[in-house]
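Welcome! Please take a moment to look over the structure below before reading on.

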Amino acid sequence: MTAQAFLALWGDVTARVAALVDAALDVEPAGGLSAAWTSQLKAYAVPALGEDARFAAARTDKLAKGAPIAELTSCLDALTKAARLQLAQVTKTLSPPQQEHVHRGLDTLTAEALRRYRELACARPKKMFGHAKAVAAQHRYDEHKGGHSYVLGCPTCGAPRLADDLSCVFCGGEVAPR
Amino acid sequence: MSLDALDARWKTFLGKVEARLGEILAEAGPGLDELNATEVLDPVPLASALTEVKARLQALSRKVDDSWSTIDAELDQLEDAGSRRDAMIRAGDVLRERIEAETEALELGKAADAARALYALAEAELDKPGGGRKCSSCGAPLAPTAFDRPSNVPCTHCKAVNTVRPGLATAMFFQGGGSHALAAEAAAEAGKALKAAEKRFQGLRHPAQEDALAFEAATAVYWRAYCEARGARTPGWTSARLDKEVKEKVGQAMHFLKRDAPAWQRMSRALALARAGDRRGLEAWLADEGADGSVSLDDVLEAAKERADKKALALLKTLAADD
């Protein structure tokens, strides 16, 4: 066995796991059936659940989106089985502990993929009004609450504004905020 | 996939979307109420929350469109889809319209709730003699006559002219969106009728004068309901001002449409002749008006069909058969 052959095979396995999880996650609404997911099911020879069963499974699994977990599990099992056979060819020159390590790695990979899928597929959208509530709590305009009144004054002679127009009735200057 | 299976899949999907609509509304209602209870002087929180809700509801509507495209492509593979396909399209349309109506009702209702809370604050600001204003020159109480907007008030004691500004809630209610929100809510039913009238009018391939008049009437009913509700709370909205506002709004709505008025009138005349069974009159009219190609027997026939006008159709079909 060469390291390159092992790495190529392992890379292929991880890419297939990723493609499987991505296709399952893209299914919407939860428990639905997309073209991409259908082709994955076909590729791993996993029969699709019936229309009612798949939506019931999605409800039971509390999925917010994605294919039923049972379908993904079956696909991952099929993928693992096929990968084990392929890996056996390239790992036969390894020592038993090394072979055990590779097989454990495969189990860990699929288990982790399933765990991550469950996490992403069950994630509910964040609460809608987080930002709005934070802004509301600032009460940004409280300091401007009350109305107020002010009198403009003449900057030249200091007299208050006494007419509707903006010129000083005493010196003719233009009244302005004091 | 069989037609039954596709139909079932479509129904299941619509059921899921409907359930999601319920979830969004169930989350949005109390959330918006909480915002209104926290802050109404600042319009930003409610506006941004409503934007968020609308984005989610529009995304749901888009999902119906997208999924229909997939189902529709599969239906294309079947030969006997026929009326089942129409029923499936209608089911999708009904759900989309419901999403749109729920979105509007939510926006209108919550904006009006915010306006009511704002009005309560405005009343508290006004619940003082002179709105609690004092001359900033000598301290004597002022008696402003306008409470809803800034005004110049001469002090009766020292004669200084005070610029009096209303409280923020008062200004926000009367000069901001408060009075508009309550008026829009009060006119909601007329708004629905206007929307239906607009949909009908815009959906006609060959509108006639009476269709335009029906749309114009619905527009006037809406704006009168709106302006009356707004005028009831807004100082200075006399009946003359109200009439002027309604006239202007209706004028704006009809301004560009009225470019087509000659075509409406032509179609009205043709349909009237057909309805009256006046074959000779209609033929003469078509020869005269249709000479420049602006209107044809087919156009009038289509117009009668889209109105299901049986009386007019009777003569028009005979004319078409003889043509």
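This report walks through one chain, the contact between two chains, and then some charged pairs.

## A first look at chain A

Keep in mind from the start that this is a predicted model. Chain A is a good place to begin. Its secondary structure consists of six helices and one strand, and from the N terminus on the order is α-α-α-α-α-α-β. The strand therefore follows the helices, as the order α-α-α-α-α-α-β shows.

Of the 178 residues in chain A, 34% are buried. Contacts within chain A can also be sorted by how far apart the partners lie in sequence. Among those with a separation of 6 or more, 58% join residues that are 24 or more positions apart.

## Where chain A meets chain B

Now let us turn to the contact between the chains. Chain A brings 35 residues to this contact, and chain B brings 43 residues. Together the two chains bury about 3200 Å² between them, with carbon and sulfur atoms giving 60% of that area. Three residues stand out on one side: A:Met128, A:Phe129 and A:Ser149 supply 21% of the area that chain A buries against chain B, more than any other three residues.

Polar and charged pairs are found here too. Ten residue pairs, both members at pLDDT 80 or more, are in polar contact between chain A and chain B. Which parts of chain A each supply at least two residues of the side that touches chain B? They are helix H3 (51-60), helix H6 (130-136) and strand E1 (148-151) of chain A. The largest share, five residues, comes from H6(A). Sorted by class, the side of chain A that touches chain B has 17 nonpolar, seven polar and eleven charged residues.

Strand E1 of chain A also pairs across the contact. Four bridges join E1(A) to strand E2 (residues 161-165) of chain B, and the two strands run antiparallel. As one example, A:Val151 has B:Asn162 in E2(B) as its bridge partner.

Between chain A and chain B there are three salt bridges. One of the salt bridges pairs B:Lys63 with A:Glu28, and their closest N and O atoms are 3.0 Å apart.

## Charged pairs inside chain B

Side chains of opposite charge can pair when their charged atoms come close. Over all chains, the structure holds 44 salt bridges. The table sets out three from chain B, with the closest N to O distance and the relative accessible area of each partner.

| Salt bridge | N to O distance | First partner | Second partner |
|---|---|---|---|
| B:Lys11 and B:Asp7 | 3.4 Å | B:Lys11, 55% | B:Asp7, 10% |
| B:Lys195 and B:Glu100 | 3.0 Å | B:Lys195, 34% | B:Glu100, 42% |
| B:Arg116 and B:Asp113 | 2.9 Å | B:Arg116, 37% | B:Asp113, 28% |

Take the pair B:Lys11 and B:Asp7. The two residues are four residues apart in helix H1 (residues 3-38) of chain B, so they are separated by about one helical turn. Is each partner buried or exposed? B:Lys11 is exposed, with a relative accessible area of 55%, whereas B:Asp7 is buried at 10%.

The next salt bridge is formed by B:Lys195 and B:Glu100. This pair links distant parts of the chain: B:Lys195 belongs to helix H6 (residues 188-203) of chain B and B:Glu100 to helix H3 (residues 82-126) of chain B, 95 residues apart. B:Lys195 is partly exposed, and B:Glu100 is partly exposed as well.

The last pair in the table, B:Arg116 and B:Asp113, lies within helix H3 of chain B; because the two are three residues apart there, about one helical turn separates them. B:Arg116 counts as partly exposed, and so does B:Asp113.

## A network of charges

B:Arg116 and B:Asp113 also belong to a network of salt bridges that links them with B:Asp33, B:Lys110 and B:Glu185. What surrounds B:Lys110, once its neighbours within four places in sequence are left aside? B:Lys110 is in contact with B:Gly29, B:Leu32, B:Asp33, B:Asn36 and B:Leu46. B:Lys110 sits in helix H3 of chain B. With a relative accessibility of 13%, B:Lys110 counts as buried, because the cut-off for buried is under 20%.

Key: Residues are numbered from 1 along each chain as its sequence is written. Chains are lettered from A and ligands numbered from 1 in the order in which they are written. This is a predicted model: local features need pLDDT of at least 70, side-chain atom pairs count only at pLDDT 80 or more; totals for chains, interfaces and linings use all residues. Side-chain values use heavy atoms; hydrogens and water are left out. Contact means heavy atoms within 4.5 Å. Buried area is the accessible area (1.4 Å probe) that two parts lose on being put together, summed over both. A salt bridge is a side-chain nitrogen of Lys or Arg within 4 Å of a carboxyl oxygen of Asp or Glu. A polar contact is a pair of N or O atoms within 3.5 Å; within protein, one must be able to donate a hydrogen and the other to accept it, and residues adjacent in sequence count only if both atoms are side-chain atoms. Ala, Val, Leu, Ile, Met, Phe, Trp, Tyr, Cys and Pro count as nonpolar, Asp, Glu, Lys and Arg as charged, and the others, Gly among them, as polar. Two strands pair if DSSP finds at least two bridges between them. Buried means under 20% relative accessible area, exposed over 50%, partly exposed in between (1.4 Å probe, protein chains only).
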